[in-house]
Amino acid sequence: MIDIARSRSKREKKSIRVSIKKYEAPRHGHLGFGPRKRTRSHRGRVKAYPKDDAKKPVHLTAFLGYKAGMTHVVRDLERPGSKMHKKEVVEAVTVIEAPAMVIVGVVGYVETPRGLRSLTTVWAEHLSEEAKRRFYKNWYRSKKKAFTQYAAKYADGAKDITRELERIKKYCSVVRVIAHTQISKAKLHQRKAHLTEIQLNGGSIEQKVDFAREHFEKEVTVGSIFEQNENIDIIATTKGHGFEGVTARWGTKKLPRKTHRGLRKVACIGAWHPSRVMYSVARAGQRGYHRRTEINKKIYRIANGADAKSGTTEYDLTEKTINPMGGFPHYGLVNEDFVMIKGGCAGSKKRVITLRKSLTVHTSRRALEQISCKFIDTSSKFGHGRFQTAAEKHQFMGTLKKDL
């Protein structure tokens, strides 16, 4: 009996030693992205611009485009020291259509102890209909009188306009232009243009104001702001998913199968005291439709979609545009300027995307790598596309009944 009791006590000690629980675990979900609620601005707002350098010529620091879709490219990797150096890699890319923007105004900001304060705004004499639509909730029912009185200021030699521009030159330390997209060129259902402020960097304040005044009612292309192989930042609103539970929203662990009243829950939402639920506890709520900034997106190509060789490379003999067969799903054909960036991009198709110059100066070999694409895929994105062009498909399939 004594031996049996001893063996039982040993087994109990062993079981106690084995069943020591880990009483801590890393939390689920990053608290740095809170509060997780719907963004106030559908268009990605630029909160910070690159540092100004007066030695450089005057230039814009951001641009707007519309997300068309994704494809993939094949290229040789130039990364000395890597096992993949001089080898072919396949990478996903996003195509963002960016028709030329029109500058229609200028804003001057003065520095105060509480940050920047706008001193005055000067508008151009003529605004297009798609820009005026932005100032109305219902364009159809309105009298369409926006800026008719303001345009009269240009009648008498534009004295008031000149005076306000001189005030900006005298008092302001930051100058930003007001520009709008030409959404009609993007062939989207929407007819109301997106309006945004874009900071001018480089040169003196006088040169910035003169630059803005000279470019009133003129187009600015994406190729004049960005260039190939440059690293840029993408600011956009993510795809919305509505009200979600904690498992999908925060990635918390599901409870055991037989749990009473559901298992996609958080079992304990806090201690007895303090007698309230902490902000850091995972709860159900809004997932997606948040404003996000993604940095260091490399530009692989800037071209025009209407160009017959916009999707052709030096190695690819077939002349083709960037558009896949049948167009980009849920978007259509890209016929204007476009930017092709590495990787994915926040937001759904047709969503407005803000492209901004990088805030930092890049010196790493990865950032300075020169990109040369060997192949850009233009097969159909709606199913298992086998053909790159319509001519290639016709050559393989022959004349079909529908072609007769």
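Reader: What phi does Gly398 take, just after helix 7?

Author: This is a predicted model, and in it Gly398 takes a positive phi of about 80 degrees, directly after helix 7. Helix 7 itself spans residues 390–397 and is hardly covered, since the count of buried residues among its eight residues is zero.

Reader: OK, and helix 5, which of its residues are buried?

Author: In helix 5, which runs over residues 205–214, the buried residues are Ile205, Lys208, Val209, Phe211 and Ala212. Because these residues cover an arc of only 160 degrees around the axis, they sit on the same side of helix 5.

Reader: What covers the buried residues of helix 5?

Author: The cover includes helix 4 (159–171) together with several strands, namely strand 1 (59–60), strand 4 (101–112), strand 6 (174–180) and strand 7 (195–201).

Reader: Switching to empty space: how many cavities of 30 Å³ or more does a search of the whole structure find?

Author: The search finds one cavity of 30 Å³ or more, and the largest cavity holds about 30 Å³ of space.

Reader: Which residues line the largest cavity?

Author: The lining is made up of Leu60, Ala62, Phe63, Met101, Ile103, Ala179, Ile198, Val220 and Ile225. Strand 2 (62–76) and strand 4 are the elements that each give two or more residues to that lining.

Reader: And by class, what is in the lining of the largest cavity?

Author: The lining of the largest cavity has nine nonpolar residues, with no polar and no charged ones.

Reader: What about the largest pocket, what volume does it have?

Author: The largest pocket has a volume of about 650 Å³. It is lined by 25 residues, and those nearest its centre are Lys56, Glu230, Lys357, Ser358 and Thr360. By class, the lining of the largest pocket has seven nonpolar, 11 polar and seven charged residues.

Reader: Now the backbone: which peptide bonds are cis?

Author: The peptide bond from Gly34 to Pro35 is cis, with omega near -5 degrees, and Pro35 is placed in the loop between helix 1 and strand 1. The peptide bond from His273 to Pro274 is also cis, with omega near 0 degrees, and Pro274 is found in the loop between helix 6 and strand 11.

Reader: Sticking with the loop between helix 1 and strand 1, is Ser41 buried or exposed?

Author: Ser41, which is placed in the loop between helix 1 (2–18) and strand 1, is buried, because its relative accessible area is 13% and the cut-off for buried is under 20%. The side chain of Ser41 reaches the backbone oxygen of Arg43 at 2.6 Å.

Reader: And in the loop between helix 6 and strand 11, where does Gly270 stand on accessibility?

Author: Gly270, in the loop between helix 6 (246–250) and strand 11 (285–286), counts as partly exposed at 41% relative accessibility. Its C-alpha atom is separated by 7.7 Å from that of Val281, with the two residues 11 apart along the chain.

Reader: Which residues other than glycine have a positive phi?

Author: Lys86 is one of them, with phi near 65 degrees, and His330 has a positive phi of about 65 degrees although it is not a glycine. Lys86 lies in the loop between strand 2 and strand 3 (88–97), while His330 is in the loop between strand 12 (291–304) and strand 13 (337–342).

Reader: Are those two buried or exposed?

Author: Lys86 counts as exposed at 53% relative accessibility, and His330 counts as exposed at 61%.

Reader: Last one, Ile235: where is it, and what is it in contact with?

Author: Ile235 is in strand 9, which covers residues 231–237, and it is buried, with a relative accessible area of 1%. Leaving aside neighbours within four places in sequence, Ile235 is in contact with Gly44, Arg45, Val46, Arg291, Arg292, Thr293, Ile353, Thr354 and Arg356.

Reader: How far is Ile235 from Pro329 in space?

Author: From C-alpha to C-alpha, Ile235 and Pro329 are 22 Å apart in space, and they are 94 residues apart in sequence.

Methods
Residues are numbered from 1 along each chain as its sequence is written. This is a predicted model: local features need pLDDT of at least 70, side-chain atom pairs count only at pLDDT 80 or more; totals for chains, interfaces and linings use all residues. Side-chain values use heavy atoms; hydrogens and water are left out. Buried means under 20% relative accessible area, exposed over 50%, partly exposed in between (1.4 Å probe, protein chains only). Helices (H or I, at least four residues) and strands (E, at least two) are DSSP runs, numbered from the N terminus. The arc is that of the directions from the helix axis to the C-beta atoms. Contact means heavy atoms within 4.5 Å. On a 1 Å grid over the protein atoms alone, a cavity is a set of points where a 1.4 Å probe fits but cannot get out, and a pocket is an open set with protein on both sides within 12 Å along at least five of seven lines; lining residues have an atom within 4 Å of a point. Grid points are joined across faces, edges and corners, and a volume is the space filled by probe spheres set on the points. Ala, Val, Leu, Ile, Met, Phe, Trp, Tyr, Cys and Pro count as nonpolar, Asp, Glu, Lys and Arg as charged, and the others, Gly among them, as polar. A polar contact is a pair of N or O atoms within 3.5 Å; within protein, one must be able to donate a hydrogen and the other to accept it, and residues adjacent in sequence count only if both atoms are side-chain atoms.
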